[in-house]
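Work through the exercises below with the sequence and the 3D structure open beside you. Try each task before reading its solution.

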Amino acid sequence: CELAMTAYTPDLSDFAGRLGQNPIRKIMVQVMNTPGCISLGGGRPVFETFSPSVQALGPTLSNYGIANSGGEPGLRAWVKKLVQKLHDPKGGWEGRDVWLTSGNTDGMSKAVMLLSNPGDVVITDKYTYPGILTACRAHDRPTVGVEMDDKGMIPERLEEVLKGSLPGKPRIIYVVTHGQNPTGCTMDPERVRKIYEIARSHNLAILEDDPYCFMDLEGDNPNAQSADDMPGMVSLHSFLSIDEDRRVVRLDSVSKFIAPGFRVGWVTAHTAVVEKWSVASEVVTWGLSGFQHAELMKLFEELGEDGLHKHLQYLQFEYRQRRDRLVQAFNEKLSGVGEWNVPRYGMFLWFRGKDLDDAEPIAEKLVAENLVAMIPGAGFAAEPSVNPYFRVSFTSIADTEIATQAADRLLAGLSIAGSR
């Protein structure tokens, strides 16, 4: 069914209300828009003193500049076109915009600061990405976890949490839509819609962090035999795609489909949020890296749309093979000591030790004595808990020999732990 549009105004934080544009930038914006003005106001280093290789970037990307707080304009335009192609936001672009970030961890920290106050509650999955937990704790925002199933956050449990006793005012629901870190689960369109409707009924912002959305390891072909069988770049179901209210703050990043070293991502949100985001960027980081943006834009131009599609197909098939190698080795070796899922998206299996009450005490022993590493589930818990889970990454499984060695070492370590 279609969602009826609801008037929504972002409930911005006190921090956002106190933000004001740097007075230097305020004047320099006027200078840029006043032809013939001689500027004696800026503190920009002299462009001609830069090395020739730096000068090749031009005076805008290599120096302080108004554009740098939001990124290279050409890259922002490219990103907006990509968002439109993949998500086609229901509410269109009126009242919505994109802004470049230094990656999703930067984005979630700024989102928490702009959309909540100290003491306000951020709702997350029961097990969630530690980056959001550390950002919330650093800024004095308690997190409350919601029970999950194989499709992520359970709507009925979310309603119970929101109607129950909370340590503060709920302001944000944080979700990872595809290939959730750490559990690997993916929300289907029905689950996305139900969570969105609950957020709407409680007038909450949705912080959609979706770095694994390009890592579809199956598409419509679970028996894919080559990269050509993989989905590549296709439209996605997401909270943004149904967001008529503009209550979704969506974070994307190139970290998983290009390279994390670029430290480039983007936020798509209500213009009121983006306007404050731009000022927060000036306050927190002053500007983004023109060098990174120039190189990334060059890469996207070289690839083109067809090239990016083929690159994603290659990436998806490579990760699929690594997942399948590890799953096969686990099936052969570990069926008696653990249980795990087979994720469609992302990088991770969620492993449960059958005879374990608490995974955390044996994690370091597995490294020291068995030379194999998994991350215990306690580090992903929204609220302190003892649990038998591990997050298992399959990204290092380059061949079947490594998969078999990893499974053998886990079998030895987990068997000893289970017998104690």
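**Exercise 1: accessibility and place**

Asparagine 331 has a relative accessible area of 45% and is therefore partly exposed; buried means under 20% relative accessible area, exposed over 50%, and partly exposed in between, with a 1.4 Å probe and protein chains only. The model is predicted, so local features need pLDDT of at least 70 and side-chain atom pairs count only at pLDDT 80 or more, while totals for chains, interfaces and linings use all residues. Residues are numbered from 1 along each chain as its sequence is written, and side-chain values use heavy atoms, with hydrogens and water left out.

Task: find the element that holds asparagine 331, and the C-alpha distance from asparagine 331 to leucine 356.

Solution.
1. Asparagine 331 sits in helix H10 (residues 290-333). Helices (H or I, at least four residues) and strands (E, at least two) are DSSP runs, numbered from the N terminus.
2. From asparagine 331 to leucine 356 there are 25 residues in sequence and 19 Å in space, C-alpha to C-alpha.

**Exercise 2: two further residues**

Task: place methionine 153 and classify methionine 153 as buried or exposed. Then do the same for leucine 371.

Solution.
1. Methionine 153 belongs to strand E5 (residues 152-153).
2. Its relative accessible area is 0%, so methionine 153 is buried.
3. Threonine 60 is 93 residues away from methionine 153 in sequence, and their C-alpha atoms are 44 Å apart.
4. Leucine 371 lies in the loop between helix H11 (360-370) and strand E12 (375-376).
5. With a relative accessible area of 59%, leucine 371 is exposed.
6. Between the C-alpha atoms of leucine 371 and lysine 151 there are 33 Å, and the two residues are 220 apart along the chain.

**Exercise 3: one helix and one cavity**

Task: check the length of H4, then say where its buried residues point.

Solution.
1. The expected span of a helix is 1.5 Å times one less than its number of residues.
2. H4 has 15 residues and should span 21 Å; its end C-alpha atoms are 21 Å apart, which agrees.
3. The buried residues of H4 are Leu75, Trp78, Val79, Leu82, Val83, Leu86 and His87.
4. Seen down the axis of H4, these buried residues fall within an arc of 140°, so they line one face of the helix. The arc is that of the directions from the helix axis to the C-beta atoms.

Task: describe the second largest cavity and its lining.

Solution.
1. A cavity is a set of points, on a 1 Å grid over the protein atoms alone, where a 1.4 Å probe fits but cannot get out; lining residues have an atom within 4 Å of a point.
2. Grid points are joined across faces, edges and corners, and a volume is the space filled by probe spheres set on the points.
3. There are 2 cavities of 30 Å³ or more, and the second largest holds about 30 Å³.
4. Its lining consists of Leu82, Val83, Leu86, His87, Phe214, Asp252 and Trp266.
5. Helix H4 (residues 73-87) gives the largest share of this lining, 4 residues.
6. By class, the lining has 5 nonpolar, 1 polar and 1 charged residue. Ala, Val, Leu, Ile, Met, Phe, Trp, Tyr, Cys and Pro count as nonpolar, Asp, Glu, Lys and Arg as charged, and the others, Gly among them, as polar.

**Exercise 4: backbone exceptions and cysteines**

Task: which peptide bond is cis, and where does proline 182 lie?

Solution.
1. Most residues other than glycine have a negative phi, and most peptide bonds are trans.
2. The bond joining asparagine 181 and proline 182 is cis, with omega about 25°.
3. Proline 182 is in the loop between strand E6 (170-175) and helix H8 (189-201).
4. Arginine 246, not a glycine, has a positive phi of about 70°.

Task: why does cysteine 185 form no disulfide?

Solution.
1. A disulfide is a pair of cysteine sulfur atoms within 2.5 Å.
2. The closest cysteine sulfur to that of cysteine 185 is in cysteine 213, 15 Å away, which is too far for a bond.
3. The count of disulfides is 0.

Conventions
On a 1 Å grid over the protein atoms alone, a cavity is a set of points where a 1.4 Å probe fits but cannot get out, and a pocket is an open set with protein on both sides within 12 Å along at least five of seven lines; lining residues have an atom within 4 Å of a point.
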